[in-house]
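Reader: Hey, could you walk me through this structure? I'm new to it.

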Amino acid sequence: MSLASLSAPVLSRIVSLSVAIANHAGKIIRDVLKKGELGIVQKENARDLQTEADRAAQRCIISSLSQCFPKITIIGEEGDEESKQISGKVYDPTPESTIQVTCPPHLASLGEEEIVVWVDPLDGTAEYTQGLLDHVTVLIGIASGGKAVGGVIHQPYYNYQNPGSELGRTIWGVVGGTVGGMPIVAPPEGKLIVTTTRSHSSSTVTDAVDAVCPDEVLRVGGAGHKVMLLLEGKAHLYVFASPGCKKWDTCAPEAILQAAGGILTDIKGSPIPYQASVPFRNSTGVLASAPGQNHAFYSAKIPQHVKDNLKA
Ligand code: AMP
Ligand code: MG
Ligand code: MG
C-alpha cells in the first residue's frame, strides 16, 4: 500500500484513500459513457436502474478499499456479487495523489473493525442515462457507532459544460473536523429554496415540500447532488418524504454536511442509523438543511399525515 503516513488515524487514512479511489471511479464512469455501452439493467422497478458504470465503479471502490483495510465492513449498493470480484481491478493510489485529512481527537483512535463504509458507486443513475451529467456523484460514507463520521462526494462531471476547466472534483469531510475540496457558501437570505427528487416523486413528497412554503423548488437527481446544492448555497433545504433513499445515499452527504455545520436526518428530525445491521432503506425519509438553517423548525412543518405515512 502506498498510502502516506501509516501512523495517521485509521479514519484519516480511509477518507484520504477514498478521495483517491472516488476520483478513479469517476474516470471509470466517464469511460463507460464515452464507450456508449451502458448495459442497463432494471432493479426494483423501472425507475431503479443499474448500468455497467455502477457495477464497474463499485468493483473498483470495494476491492481497493478492502485491500488496504481488510477489517472494515463495506456495504455497496450493487450488492455482494459486484463487491467480491477483485480480479486485478484494485486501484493503488500514489502518495502524490493522496491528501492529508485531519481527524478530531474523539475519532482518532477508531479501529478498522469499528468502521462501516456505505458505498453508492454512482448516485443519480437515472440522470446519468438521460445525460443530466452534473447530477451524478460517487458517494463513500464512513460510519462508526451507528453514526456518519466521514464522507467523500466525487462529482465526475463537475465543469463538463466549461471546456478548458478541470473536469471533476472531490469533496470530503470529517464530522467535528473540516470540509475539503470546495468553499462552503451560505444560501441567499430572505427566501427559501428547496431541493427534492425529480424522478421519484409522490403525493407525500409533494405535500412535504409544499408544507415548508418554498419560494423556489429545484427538482434534481441524486442525494449527493442535492446535498452539494446545500453546500454550494444554491438551496436551503432538501426534502424527501418517501422511503426510496438508502443508507449509501445519505451516509457520505450527511457526514460532509455535518462537518460544514448543516444537518441531515429523517423527515421527522430523528437521526438515521448506520450500523451494518440496519435496513438499507431510509424508510422515514430524508430532511437536510444547509449550515445556519433552523432544521427543527422545518421538521415541525412537515404534516403529520406525511410523517405517519413513513413508518420505520
Ligand atoms: P432521487 O432524489 O430521486 O435522485 O433519489 C435519491 C437516491 O435515492 C437515488 O439513489 C435513488 O436511486 C434513490 N431512490 C429514491 N427513491 C427511490 C425509489 N422509489 N426507488 C428506488 N430508488 C430510489
Ligand atoms: Mg443513490
Ligand atoms: Mg447508485
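Author: Sure, starting with a term: donors are N, O and S atoms within 2.8 Å of the metal (3.2 Å for Na, K and Ca), and since water is not among the atoms, sites may look incomplete. This is a predicted model, where local features need pLDDT of at least 70, side-chain atom pairs count only at pLDDT 80 or more, and totals for chains, interfaces and linings use all residues. Residues are numbered from 1 along each chain as its sequence is written, chains are lettered from A and ligands numbered from 1 in the order written, and side-chain values use heavy atoms, without hydrogens and water.

Reader: Ok, what coordinates the magnesium ion (ligand 3)?

Author: E77 (OE), D120 (OD) and L122 (O) do, at 2.1 to 2.2 Å. Along the chain, their spacing reads E-x42-D-x1-L. E77 sits in the loop between β3 (73-76) and α3 (79-84), and D120 is 43 residues away in strand β4 (residues 115-123), so the pair links distant parts of the chain; helices (H or I, at least four residues) and strands (E, at least two) are DSSP runs, numbered from the N terminus.

Reader: And which protein donors does the magnesium ion (ligand 2) have?

Author: D120 (OD), D123 (OD) and D249 (OD), 2.0 to 2.2 Å from the ion. Their pattern is D-x2-D-x125-D.

Reader: How far apart are the two magnesium ions?

Author: 3.6 Å, with D120 coordinating both.

Reader: Is D120 buried or exposed?

Author: D120 counts as buried because its relative accessibility is 0%; buried means under 20% relative accessible area, exposed over 50%, partly exposed in between (1.4 Å probe, protein chains only). D123 is buried too, at 5%.
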